[in-house]
2 protein chains.
Amino acid sequence: MKSKLKKDTCEITYVDRKKVASVRKKIKPEYKIQLLSDTFKVLGDPTRVKIVFALSQEELCVCDIAKLLGTTKSAVSHQLRVLRNMRLVRYRKNGKMVYYSLDDEHIKNLFDEGLRHVEEL
Amino acid sequence: MKSKLKKDTCEITYVDRKKVASVRKKIKPEYKIQLLSDTFKVLGDPTRVKIVFALSQEELCVCDIAKLLGTTKSAVSHQLRVLRNMRLVRYRKNGKMVYYSLDDEHIKNLFDEGLRHVEEL
DNA sequence: ATATCATATGAGTAGTTACTCATATGTATC
DNA sequence: GATACATATGAGTAACTACTCATATGATAT
């Protein structure tokens with residue numbers, strides 16, 4: 001005989017209803033979760049990590065960032081747009097040059113915390 | 001007439017050779033960059049953020065996590081594997097149940113730092 | 001204005017990812 | 001043993017992403 005369509009959800013009841021309820025009370029609203037994961041996601045790419053690290057040291061133009069990373073200016077420019085959209089970097093125009101720097105102290109903290117984690121592995 | 005094939009790299013020379021050299025000295029080795037961005041990337045997904053948050057509050061079984069998030073057990077299990085592979089979570093087996101918890105204090109710090117950043121926007 | 005150069009951006013694409021669905025594994029209970 | 005259930009996992013897929021290439025913008029210099 002065929003087993004009835006198994007729903008891939010928990011059967012009958014919670015394993016520990018109290019714990020689940022307790023966590024549910026503390027869980028953050030969806031938009032914050034999204035914002036948080038978006039923030040981490042921006043740092044979740046090696047090219048952007050390099051850019052952020054570089055900018056945490058010096059204000060740099062697109063051209064020098066590209067030289068530093070050994071990639072194309074186009075690739076850097078695309079990633080800078082991502083960082084700009086997330087307000088992680090700021091820029092200053094001077095003639096045809098555009099100088100980028102980190103916009104946000106928090107991001108530096110977050111980045112450094114991540115670095116500390118990696119250094120201690 | 002056709003312009004010669006433009007290389008999308010910086011022409012002639014650095015804009016600021018000194019700054020680039022200074023940053024280059026401090027830049028981290030490739031494997032650390034990769035590890036760092038991988039760590040951020042793991043937290044760069046809303047489902048995993050929710051799981052990590054939940055586990056930062058309570059040790060939970062797969063089933064209860066799924067209930068809490070309102071997703072399938074399969075989806076949770078797949079994401080737990082990702083978290084396991086990155087050594088962010090630990091698990092304890094008890095019969096057919098598997099209880100997950102955060103493995104690493106650092107990750108909690110990193111997560112909290114991100115949360116602080118988001119809370120202050 | 002014409003040419004040159006720094007940067008930005010759109011289209012296209014190869015690679016990745018997070019899910020669903022089906023199935024497997026492993027444990028407890030009958 | 002057989003069944004039931006918790007979890008894990010493989011295949012397949014739709015959505016996304018980071019790049020390349022071509023082109024656009026906008027500034028400086030001739």
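Mentor: A helix here is a DSSP run of H or I with at least four residues, and helices are numbered from the N terminus. Keep in mind that this is a predicted model.

Trainee: Where in chain A do A:Glu113 and A:Arg116 lie?

Mentor: Both belong to helix 6 of chain A, which covers residues 105-119. They sit three residues apart, about one turn of the helix. Their side chains meet in a salt bridge, with 2.8 Å from N to O.

Trainee: Is A:Glu113 buried or exposed?

Mentor: The cut-off to know is that buried means under 20% relative accessible area. A:Glu113 has 11% relative accessibility, so it counts as buried. Its partner A:Arg116 is partly exposed, with a relative accessible area of 42%.

Trainee: How many salt bridges does the structure hold over all chains?

Mentor: There are 14 over all chains. One of them joins the side chains of A:Glu59 and A:Arg92, again at 2.8 Å from N to O. A:Glu59 is in the loop between helix 3 and strand 1 of chain A, while A:Arg92 is in strand 2, so this pair ties together parts that are 33 residues apart in sequence. As for accessibility, A:Glu59 is partly exposed at 24%, and A:Arg92 is partly exposed at 38%.

Trainee: Which side chain meets that of B:Lys32 in a salt bridge?

Mentor: The partner is A:Glu119, at 2.7 Å from N to O. This pair crosses between chains, from helix 2 of chain B to helix 6 of chain A. B:Lys32 counts as buried at 18% relative accessibility, whereas A:Glu119 counts as partly exposed at 34%. Salt bridges can also share partners, and in this way A:Lys28, A:Lys32 and B:Glu119 are joined into one network.

Trainee: Now the DNA. Which residues come nearest to DNA strand C?

Mentor: To read such a surface, take the residues with a heavy atom within 4 Å of the strand. For DNA strand C there are 25, and A:Cys63, A:Tyr100, B:Thr47, B:Arg48 and B:Gln79 come nearest. By class, the surface has seven nonpolar, nine polar and nine charged residues. Helix 5 of chain A gives the largest share, six residues.

Trainee: What parts of DNA strand C do the atoms within 4 Å of the protein belong to?

Mentor: Sugar or phosphate accounts for 73% of them, and bases for the rest. Individual contacts include both kinds of partner. On the phosphate side, a polar side-chain atom of B:Arg48 lies 2.8 Å from a phosphate oxygen, and a backbone N or O atom of A:Val62 lies 3.3 Å from a phosphate oxygen. On the base side, an N or O atom in the side chain of B:Ser74 is 2.8 Å from a base nitrogen.

Trainee: What contacts reach DNA strand D from A:Ser74 and B:Val62?

Mentor: A side-chain N or O atom of A:Ser74 is 2.8 Å from a base nitrogen of DNA strand D. A backbone N or O atom of B:Val62 lies 3.3 Å from a phosphate oxygen of that strand. The elements that give two or more residues to this surface are helix 3 and helix 5 of chain A, together with helix 4, helix 5 and strand 3 of chain B. Helix 5 of chain B gives the most, with six residues.

Trainee: How do the residues near DNA strand D divide by class?

Mentor: They divide into seven nonpolar, nine polar and nine charged. Of the 25 residues around DNA strand D, those that come nearest include A:Thr47, A:Gln79 and B:Tyr100.

Note on methods: Residues numbered from 1 in each chain as written. Chains lettered and ligands numbered in written order. Predicted model: local features only at pLDDT ≥ 70, side-chain atom pairs only at ≥ 80, totals over all residues. Heavy atoms only, no water. Polar contact = N/O pair within 3.5 Å; in protein donor to acceptor, adjacent residues only side chain to side chain. Nonpolar A, V, L, I, M, F, W, Y, C, P; charged D, E, K, R; others polar. Salt bridge = Lys/Arg side-chain N within 4 Å of Asp/Glu carboxyl O. Buried < 20%, exposed > 50% of the residue type's maximum accessible area, 1.4 Å probe, protein only.
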